[in-house]
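Please work through the exercises below with the sequence and the model open beside you. Each task is followed by a solution that goes step by step.

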Amino acid sequence: MELIWLEANGCSGNIISFLNSQNPSFGFLKQKINITFSNSDMYPYGEAAMEDFFKTVENGNYILVVEGAIATRENGKYNIIGYYNNQYVTALEAVKIASENAKYIISAGTCSCFGGISASDPNISESKALSEVIPNKMIIKMPGCPVSGNWMASLLLSLLENKAIELDPLGRPIYLYGNTVHDFCERRTFFERNIFAKKVGDIGCYLKIGCVGPSTKAPCPYTKWNGYIKWPIGVNSQCIGCTSKDFPNYTLFKEE
């Protein structure tokens, strides 16, 4: 199946994470998916790249992945993704065009899912979540800053195998986002015994020094990162809630 990966107003973190997926690996997925367009990572450039984009859209029946929030100010001119027929193509225009004939639409990363950092204050580009730009489309949301490459790879493989993906009210796959970080946190036993850290590195639960694991739904404690080796709390850092709808304005910046 063909796949279009559009990077809008983002950092490229999600596609980099995806290219480093290990289970299933990106190399394995390449045997099943043909990425016909990626404005972040593809050999063709300029109009040749945009020709591949429009040809894929015309053929239909592809997977559309969008990372980054969508800049809407001045009709999207704050985020140009290509040049075609003597005109610049904005991310805003591209996602609207590409969403029409897509079999599946996936928001990769918190910016695409909920606005995230790209749409945080003061948001001079007037960036919005993908679902706000194409409100009548069914979108599978895969939040994270970035989303784990393994999570993305597992979702794509499931779609290719025509498996039913049950979504929560926010549009996230329940098999990945059905539990909170707190549910399986390796420091959970400290919470149960009311042992709380006073600073990073202390023995104890990190709840009272800013950890938002109890309100953050993500499989980080058991999928981990970097080859299943570590994750934030495993290296003595708090969960910052990067998969949450309110990240970063609430999860990072709040008053007690």
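The exercises that follow concern a predicted model, and they take up domains, cores, cysteines, a hairpin and a loop residue in turn.

**Exercise 1. Describe how the chain is divided and how the parts relate to one another.**

Step 1. The chain is divided into domain 1, residues 2-175, and domain 2, residues 179-255.

Step 2. The centres of domain 1 and domain 2, taken over C-alpha atoms, are separated by 28 Å, while 19 residues of domain 1 are in contact with 16 residues of domain 2.

Step 3. For comparison with the record, an unreviewed UniProt entry places "domain: NADH:ubiquinone oxidoreductase-like 20kDa subunit" at residues 11-158, a span that is 36% helix and 23% strand and whose end C-alpha atoms lie 26 Å apart.

Step 4. UniProt also lists, again as an unreviewed entry, "domain: Cytochrome-c3 hydrogenase C-terminal" at residues 177-249; over these residues the chain is 14% helix and 0% strand, with the end C-alpha atoms 21 Å apart.

**Exercise 2. Locate the largest nonpolar core and identify what supplies it.**

Step 1. The largest nonpolar core holds 35 residues, of which Trp5, Val65, Ile106, Met142, Trp151, Met152 and Leu156 touch the most other members.

Step 2. Elements that each supply at least two residues of this core include strand S1 (2-7), strand S3 (62-67), strand S7 (102-108) and helix H7 (149-160), and H7 gives the most, with 7 residues.

Step 3. Because domain 1 (2-175) and domain 2 (179-255) both give residues to this core, the core lies between them.

Step 4. Val65 serves as an example: leaving aside neighbours within four places in sequence, Val65 is in contact with Leu3, Ile4, Trp5, Leu6, Ile106, Ala108 and Met152.

Step 5. Apart from the largest core lies another core, of 25 residues, among them Ile4, Leu6, Phe37 and Ile70.

**Exercise 3. Explain why Cys145 is not bonded to Cys242, and then examine Cys185.**

Step 1. A search of the whole structure finds 0 disulfides.

Step 2. The closest cysteine sulfur to that of Cys145 belongs to Cys242 and is 5.7 Å away, which is too far for a bond, because a disulfide requires the two sulfur atoms to be within 2.5 Å.

Step 3. Cys185 is likewise in no disulfide, the nearest cysteine sulfur, that of Cys211, being 6.3 Å away.

Step 4. The surroundings can be added: Cys145 is partly exposed, with a relative accessible area of 38%, whereas Cys185 is buried, with a relative accessible area of 13%.

**Exercise 4. Work out how strands S5 and S6 are joined.**

Step 1. Strand S5 (residues 80-84) and strand S6 (residues 87-90) run antiparallel and are joined by 4 bridges.

Step 2. Within this pairing, Tyr83 stands opposite Tyr88 in S6.

Step 3. The hairpin of S5 and S6 has 2 residues between the strands, and Asn85 takes a positive phi near 50° there.

**Exercise 5. Decide whether Ala197 is buried or exposed, and describe its setting.**

Step 1. Ala197 is placed in the loop between helix H9 (188-192) and helix H10 (220-223).

Step 2. The relative accessible area of Ala197 is 4%; since buried means under 20%, Ala197 counts as buried.

Step 3. Beyond the neighbours within four places in sequence, Ala197 is in contact with Asp202, Ile203, Gly204, Cys205, Tyr206 and Ile209.

Step 4. Ala197 and Lys208, which are 11 residues apart in sequence, are 7.1 Å apart in space from C-alpha to C-alpha.

Definitions and conventions:
Residues are numbered from 1 along each chain as its sequence is written. This is a predicted model: local features need pLDDT of at least 70, side-chain atom pairs count only at pLDDT 80 or more; totals for chains, interfaces and linings use all residues. Side-chain values use heavy atoms; hydrogens and water are left out. A nonpolar core is a set of buried Ala, Val, Leu, Ile, Met, Phe, Trp, Tyr and Cys residues joined through side-chain atoms within 4.5 Å. Buried means under 20% relative accessible area, exposed over 50%, partly exposed in between (1.4 Å probe, protein chains only). Domain bounds come from an automatic or database domain assignment. Contact means heavy atoms within 4.5 Å. UniProt positions are given in the numbering used here, feature names are shortened, and annotations may be inferred rather than shown by experiment. Two strands pair if DSSP finds at least two bridges between them.
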